[in-house]
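Trainee: Please take a close look at the empty space in this model, the cavities and pockets, and then at the parts beside it.

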Amino acid sequence: MKTSPVTPADLQRSVIAVPPLARGADLTFNLAANQAVLRHLEQGGVRNVMYGGNANFYNIEVSEYAAVVDALADAAGADTWILPSAGPDYGKLMDQARLLRTRAFPTAMLLPMAFPYTDAGLADGVRRFSDALGRPAVVYIKSANYLAPATLARLIEEGRIVAVKYAVVREDPAQDAYLAALLQEVDARHVVSGCGERPAIVHFRQFGLKSFTSGSVCVAPRGAMQLLQSLHAGRYDEAERLRARYLPLEDCRDAISPIRVLHDAVTLAGVADMGPMLPLLSGLDAAERERVAPVARALLQQDGPAARLP
């Protein structure tokens with residue numbers, strides 16, 4: 001596992017995959033299946049892997065947290081950056097920070113809080129978490145005005161934040177006053193487009209972002225890496241063609257559930273058996289699986305036969 005401090009170049013070298021987490025029928029961590037997903041990503045060129053909402057880290061037991069993050073670190077290749085998540089509540093943040101401090105992860109992401117909070121309270125939590133962790137964190141912004149732009153800028157200047165995952169969903173990603181305001185205060189190299197392939201081109205072309213996260217990359221890593229390379233080179237027509245491959249699965253995710261569809265799509269595509277979902281979520285029903293299965297398989301097939309595991 002890569003353990004050197006995270007730099008903007010690290011964020012830009014690879015699509016940041018946000019995979020689901022495989023579990024057995026008894027809900028225990030499935031090492032073999034999670035290794036299979038990591039190998040699939042690595043074989044497709046992906047080197048940044050973030051375990052957060054899609055992995056249902058919101059509901060992970062504190063008692064298993066250390067074993068899970070250790071297993072993921074051990075399963076990763078030497079140049080693969082594993083980014084675990086913590087929180088979202090303050091109690092879990094601090095307990096998990098103390099566990100992570102004794103390990104070599106270069107950073108960790110704070111899951112977004114939905115419970116009532118204040119700007120000052122969030123900033124205080126970020127400071128206390130980074131102190132307990134002993135290194136800067138990644139902040140996940142999933143709702144508009146989650147942190148004031150000036151507050152975020154101060155936290156970055158203090159060395160508390162190494163990156164921001166920006167995942168505020170807009171009907172038109174080009175119309176985003178909050179993102180524009182953030183980028184007035186924060187250098188774009190610190191901000192990652194966090195909503196997958198759909199807004200990535202606009203986020204790069206209009207707002208100047210340089211990296212993006214993806215769930216569908218777990219099915220088709222090569223195409224997502226090609227998309228990133230096209231965006232870096234400013235080949236936007238090529239990027240549009242590459243992105244089009246991912247939209248059918250993204251349409252399913254938006255229509256049903258981003259997390260639930262991705263979890264079962266990895267299984268249905270044949271990448272790895274992800275097993276049941278950890279409560280408080282549940283897998284797709286029969287009709288939903290029938291809708292998602294051909295889409296997931298087609299996306300893997302478009303990624304090329306070499307993408308399939310032996």
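Mentor: The answer goes through the cavities, then the pockets, then one helix, one arginine and some backbone details.

This is a predicted model, in which local features need pLDDT of at least 70 and side-chain atom pairs count only at pLDDT 80 or more, while totals for chains, interfaces and linings use all residues. Residues are numbered from 1 along each chain as its sequence is written, and side-chain values use heavy atoms, with hydrogens and water left out.

Rolling a probe the size of a water molecule over the atoms shows where empty space is left. On a 1 Å grid over the protein atoms alone, a cavity is a set of points where a 1.4 Å probe fits but cannot get out; a pocket is an open set with protein on both sides within 12 Å along at least five of seven lines; lining residues have an atom within 4 Å of a point. Points are joined across faces, edges and corners, and a volume is the space filled by probe spheres set on the points.

There are 2 cavities of 30 Å³ or more. The largest cavity holds about 50 Å³. Its lining consists of Leu21, Arg23, Asn54, Ala55, Asn56, His263, Pro276, Met277 and Leu278. By class that is 5 nonpolar, 3 polar and 1 charged residues, where Ala, Val, Leu, Ile, Met, Phe, Trp, Tyr, Cys and Pro count as nonpolar, Asp, Glu, Lys and Arg as charged, and the others, Gly among them, as polar.

The second largest cavity has a volume of about 40 Å³. Its lining is made by Leu11, Ile16, Met50, Trp81, Leu83, Val138, Ala163, Val164, Lys165 and Val192. Of these, 9 are nonpolar, none polar and 1 charged. Strands β3 (81-83) and β7 (161-166) each supply at least two lining residues, and β7 gives the most, with 3 residues. Helices (H or I, at least four residues) and strands (E, at least two) are DSSP runs, numbered from the N terminus.

Turning to the pockets, the largest has about 600 Å³ of space. It is lined by 29 residues, and Lys142, Val169, Gly194, Cys195 and Pro258 are the closest to its centre. The lining divides into 12 nonpolar, 9 polar and 8 charged residues. At least two residues each come from β9 (213-214), α11 (247-255) and α12 (258-269); the largest share, 3 residues, is that of α11.

The second largest pocket has a volume of about 220 Å³. Among its 18 lining residues, Pro88, Leu93, Met113, Leu122 and Gly125 lie nearest the centre. Here the classes are 15 nonpolar, 2 polar and 1 charged. α4 (90-101), α5 (119-133) and β6 (137-141) each supply at least two residues, and α5 gives the most, with 4 residues. Pro88 sits in the loop between β4 (85-86) and α4. The peptide bond joining Gly87 and Pro88 is cis, with omega about 10°.

α11, which contributes to the largest pocket, is also among the elements that cover the buried residues of α10, together with α8 (200-205) and α9 (221-233). In α10 (residues 236-244) the buried residues are Tyr236, Ala239, Leu242 and Arg243. These residues are on the same side of α10 because they cover an arc of only 115° around the axis, the arc being that of the directions from the helix axis to the C-beta atoms. Asp237 and Arg241, on the other side, are exposed. Buried means under 20% relative accessible area, exposed over 50%, and partly exposed in between (1.4 Å probe, protein chains only).

Arg160 lies in the loop between α6 (149-157) and β7. Its relative accessible area is 18%, so Arg160 is buried. Leaving aside neighbours within four places in sequence, Arg160 is in contact (heavy atoms within 4.5 Å) with residues including Val126, Arg127, Ser130 and Asp131. A polar contact of 2.5 Å joins the side chains of Arg160 and Asp131; the term stands for a pair of N or O atoms within 3.5 Å, where within protein one must be able to donate a hydrogen and the other to accept it, and residues adjacent in sequence count only if both atoms are side-chain atoms.

Asn145 is found in the loop between β6 and α6. Its phi is near 65°, a positive value in a residue other than glycine. Asn145 counts as exposed, at 58% relative accessibility.
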